[in-house]
Amino acid sequence: MNIRRTRTDVIFDVVNYALLVGVIIITLYPILYVAFASFSDPGRIQSWRGLLFAPLGFTITAYETVFRNPFILTGYRNTLFYVILGTAINMFMTTLGAYALSRQNVLWRRPLSLLIVFTLFFSGGLIPQFLLVAKTLNMIDNPLAVILPGAINTFNLLILRTAFEGVPPALEEAARMDGANDWSILFNVIIPLSLPALAVVTLFYAVGHWNAFFSALIYFRNVDLYPLQLILRQILISNDTQNMTAGTSAGDVESVAATIKYAIIMVATIPILLIYPFLQRFFVKGVLVGGVKE
Amino acid sequence: MTRTPPPSLGTRIRKDFQRNKGIYLMLIPVVLYYALFHYGPMYGAQIAFRDFVPARGIEGSTWVGWDNFKEFFNGIYFWRLLRNTLAISVLDVIFGFPAPILLAIMLNEVTSIRFKRLVQTTSYMPFFISVVVIVGLLIDFFARDGLVNNVLGRTGDARIGFLSEPNYYWALYVGSGIWQTFGYGSIIYLASISSIDPQLYDAAKVDGAGRFRQIFNITLPGIAPTIVTLFILRIGNILSIGSEKTILLYNPLVYQTADIISSYVFRNGVLNGDYSLSAAVGIFNSLINLAFLFTANALSRRRGGTSLF
């Protein structure tokens, strides 16, 4: 189609592109600032008054301090454990539930779906949940306390159910003819054909565990169990410099204090920022609209 | 052809179980999970009507009827909590709800695929950053000696204490929330736009419709059902702001504008051990949300529009 661009079209495009460049700057710059600051000379950062467009000098002492800090190392190790075990349990449970609810000829499908969807809109609240886990199940300082209560996220369950329902029924019929039972249909037919949705849901769960702090805050008294985010909270928000500079000799404390928090933010954030762009083209599989409805 | 009578419920249940044994086996952990961690707390929520003493257990604690609710409604914090929760939520609906729609429409007008990709990738990024880091950044950037004051050229006493001044709290909270989610939120609208028939745009161009006309007459009507559905969901969550960000961002200096229902439940319940009162507050919150959700859904359905259920 050959239609001439009018003057308003050109103005529209210029304004639109300019605004979108603004979007890039607004979302990217805060993290860039942190990155520049983390590599900067701590002394110069303290007296600097303004934006950064490159590190002031270049040093990695802040990172050296971070990786010598025993609290951060333990937090990192704990977080990896919660992410791996938690996501594995999440995916196992969610996949089973989504498969069961995606089968059309199951008698109890509708009542079960209703009972599950209802939990999206009504909950007993924080306190009964806390009392259940902390008192009834006696899970204070039990690593499973940050994993089991969130074993299934209902939104993720519905996303997978929608994806599983999208697999052509003919494939399932064919497998059933060959004598396949539900377990082999799930693992050999449904899962291989739903990998994009499974990838997105795995990412959601993993990022959720990586970023979680609240359950750990209310269920853990023992600092040795703290995930990275709780250590971060103490350092970034409660401004606990003792934790921040643990493992550093007294003379160095002064000199790295100004940049160390930036290095910590980078260390805690980079792993996720490296992963999500690769799954970006699947994100649309992870949105759900009208999927709540039966 | 003779009609066989429908099998009795008992027969149907038995046949269904034989056919779907594998599926019911899969459902065991799922049903146990929902029963224990979702319906268990709903059962436990009855402590809102009791004077709960942990040593006595739920059933052993004295029944007090509506006393906990009355105490909350008559308490000095009730109106403050309600106002703050509503204000933050309404501000977020007003400014935060249209933001991803606007971004999606702007992205749809971009012809360069690479540029579009670039904007998408960067604008999704904040969504994946943890709330601890977000609040850490806010506290660092908006501190008296922080980046924002520096960039504004404020020195000495003219420096603004954004984090200790109640007037700035709502803007900080809502603004950072929008920053974090508007990019990611645009995905669903972009998906919705991509299902609009491209011929509509071609026809409009032939008729001489400009860009704005195309946006208002094709794009917006095309994604209207998506907008309505998400709006109903959003209204249904009008009072359900979680406590996670609040308990990290607020401090006693700004409680006046910062304290919301969920942060009060956390402080009063988990930290101070006033379980029954806090459980009552939680139930109140949940019920109000349910009422909003059903109202929004019914209004939308009556007007012949989209509905959730």
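**Two chains, their interface and a helix junction**

Of the 294 residues in chain A, 38% are buried, meaning that 20 or more other C-beta atoms lie within 10 Å of the residue's own, against 12 or fewer for exposed and in between for partly exposed, with C-beta atoms placed from the backbone. This is a predicted model, in which local features need pLDDT of at least 70 and side-chain atom pairs count only at pLDDT 80 or more, while totals for chains, interfaces and linings use all residues. Residues are numbered from 1 along each chain as its sequence is written, and chains are lettered from A and ligands numbered from 1 in the order in which they are written.

I will stay with chain A for a moment. Chain A has 14 helices and 0 strands; both are DSSP runs numbered from the N terminus, helices being H or I with at least four residues and strands E with at least two. The radius of gyration of chain A is 25 Å, well over the 19 Å from the globule rule for 294 residues, so chain A is more spread out than a compact globule. That radius is taken over C-alpha atoms, and the rule is 2.2 Å times the number of residues to the power 0.38. The C-alpha trace of chain A spans about 75 × 70 × 35 Å along its principal axes. Taking contacts in chain A between residues at least 6 apart in sequence, 72% join residues at least 24 apart; a contact here means C-beta atoms, placed from the backbone, within 7 Å.

Now chain B. It has 16 helices and 2 strands. Its radius of gyration is 26 Å, where a compact globule of 309 residues would have one near 19 Å. The C-alpha trace of chain B spans about 80 × 65 × 35 Å along its principal axes. Buried residues make up 38% of the 309 in chain B. For contacts in chain B between residues at least 6 apart in sequence, the share joining residues at least 24 apart is 65%.

How many residues of each chain are in contact with the other? The counts are 72 residues of chain A and 74 residues of chain B. On the chain A side, helix α1 (residues 7-38) gives the most, with 12 residues. That side of chain A has 49 nonpolar, 16 polar and 7 charged residues. Here Ala, Val, Leu, Ile, Met, Phe, Trp, Tyr, Cys and Pro count as nonpolar, Asp, Glu, Lys and Arg as charged, and the others, Gly among them, as polar.

Last, helix α12 of chain B and two of its partners. Helix α11 (residues 198-206) of chain B packs on helix α12 (residues 211-236) of chain B at an angle of about 140°, with their axes 11 Å apart. Axes are lines fitted to C-alpha atoms, for helices over the stretch in contact, and angles run from 0 to 180 degrees between N-to-C directions. α11(B) and α12(B) are therefore oblique to each other: under 35 degrees counts as roughly parallel, over 145 as roughly antiparallel, 65 to 115 as roughly perpendicular and the rest as oblique. In this pair, B:Leu200, B:Tyr201 and B:Ala204 of α11(B) meet B:Arg213, B:Gln214, B:Asn217 and B:Ile218 of α12(B). The contact has 4 nonpolar, 2 polar and 1 charged residues.

The other partner is helix α10 (residues 166-194) of chain B, which packs on α12(B) at about 120° with axes 9 Å apart. α10(B) and α12(B) are therefore oblique as well. B:Ile188, B:Tyr189, B:Ser192 and B:Ile193 of α10(B) make this contact with B:Thr219, B:Gly222, B:Ile223 and B:Thr226 of α12(B). By class there are 4 nonpolar, 4 polar and no charged residues.

Key: Contact = placed C-beta atoms within 7 Å.
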